[in-house]
Amino acid sequence: MRCPVPIEALTIGLLVCTLTACDGGAPEAVALLDDLDTGWNTIEPGADTTCSDGSPYRFFVRPGQPERLLVYFQGGGACWNGMTCDPDLEPSHTINTDGTDPDRANGIFDFGNPENPFAGYSAVYAPYCTGDVHLGNRVTTYEAPAVEEHGPHDVTVRHNGMTNARAVLDWVYSHFLTPSAVFVTGSSAGSIPSPYFTMLIAEHYESAAISQLGDGSSGYRRELMRVAPEEMWGTLDELSYLPEFADMPVGEFTFESLYVAAARRYPEITFAAFDHAEDGVQKQFLALAGHRTGSLLDLILANQNDIRSAVPNFRSYIAGGDVHTILQRPEFYSQHVDGVRIRDWVANLADREPIEDVQCRVCDVPEFIGGGE
């Protein structure tokens, strides 16, 4: 049995945070934070990590209370052909981490906001720069169309998202030894793999209370898309050790299957998703993948119903409007549906309190506390 720990003993000023056994035994380390400064720290894992353009990969860590951990996977588009991957043709994904700075983020990363449900958490921010929704492990060469500088040409993309993510998690495991609460989340491209990474984290931290939230990715109805990007990314090769994906034909993989696989293994974890009903960015990527839709809400509901039909431990919040994602926006604290603020719903999810599905009734416009943004 562990002794209660005074809150002042869990400050970011500690170099090594410990809990002392009640029976007088040796102290048990909770987290090893001696290499971290106050605020955001940049970690360069090296080894096989890389961005799509071959530049070095890095991630960010902000120490807080060592027993409470927020793990966030950044979004930033995706690519699967020469047109969408070529950096000379305005690629539809972020190609490196040069512009990534979590200190500029708002929403759940506004640690000075007293309403932030993660204000006291230690935070790990995993950037995204591989065009494969953090799930690839393949170097792929695409044929790109002509541009002003030259004719048709080859573009090589390092779809290294899975290797990068595993390097982040390996660092987490070696520095946060026994967290009691872990919240796993991601936005857009980082939302898609978050159920899978939640499963990996749950396998490692067997005694931790874990919750998951995907932010802004529920509308990609696979049967309507004309591409199978996971084939170019090597995703199924990476997932083939799991029975659900071992013999899956190319083209049958869905993002919802990640929720189902993880939720079946961990029925005690609540898996969740947030979306704006008419998310304009999701519509743009659906169009790139061969499907133009008038209403995204129907696709969101169809995908989420597929998850619900397979597992009981899934919840969703669908807000009005066409904005893409919510977790890094100041509106995280003011937007609501029928009086249920997004902030409060997420806080209850993180605290493992029961939450219900929330869905807008008038979905073309968002609702805000006080009537404004």
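How many of the seven residues of strand β10 (residues 209–215) are buried? Six of them are, so to speak, tucked away, and the strand is mostly covered. Keep in mind as you explore that this is a predicted model. Let's start from β10, meet its partner strands, and then visit a pocket that β10 helps to line.

**β10 and strand β9**
- Strand β9 (residues 181–187) runs parallel to β10, and seven bridges join the two.
- To find one of these contacts yourself, look for Thr-185, whose bridge partner in β10 is Leu-213.
- Between β9 and β10 the chain passes through helix α3 (residues 194–204), making a β-α-β crossover that is right-handed.

**β10 and strand β11**
- β10 also pairs with strand β11 (residues 271–276), again in the parallel sense, here over two bridges.
- Gly-214 has Ala-273 as its bridge partner in β11.

**The largest pocket**
- A probe the size of a water molecule, rolled over the atoms, reveals where empty space is left.
- The largest pocket found in this model has a volume of about 160 Å³.
- Its lining is made up of 16 residues, and those closest to the pocket's centre are Thr-270, Arg-315, Glu-353, Pro-354 and Ile-355.
- Two strands, β10 and β12 (314–319), each supply at least two residues of this lining.
- Sorted by class, the lining of the largest pocket holds eight nonpolar, five charged and three polar residues.

Definitions and conventions
Residues are numbered from 1 along each chain as its sequence is written. This is a predicted model: local features need pLDDT of at least 70, side-chain atom pairs count only at pLDDT 80 or more; totals for chains, interfaces and linings use all residues. Side-chain values use heavy atoms; hydrogens and water are left out. Buried means under 20% relative accessible area, exposed over 50%, partly exposed in between (1.4 Å probe, protein chains only). Helices (H or I, at least four residues) and strands (E, at least two) are DSSP runs, numbered from the N terminus. Two strands pair if DSSP finds at least two bridges between them. A crossover is right-handed if, with the strands pointing away from the viewer, the path from the first strand over the helix to the second runs clockwise. On a 1 Å grid over the protein atoms alone, a cavity is a set of points where a 1.4 Å probe fits but cannot get out, and a pocket is an open set with protein on both sides within 12 Å along at least five of seven lines; lining residues have an atom within 4 Å of a point. Grid points are joined across faces, edges and corners, and a volume is the space filled by probe spheres set on the points. Ala, Val, Leu, Ile, Met, Phe, Trp, Tyr, Cys and Pro count as nonpolar, Asp, Glu, Lys and Arg as charged, and the others, Gly among them, as polar.
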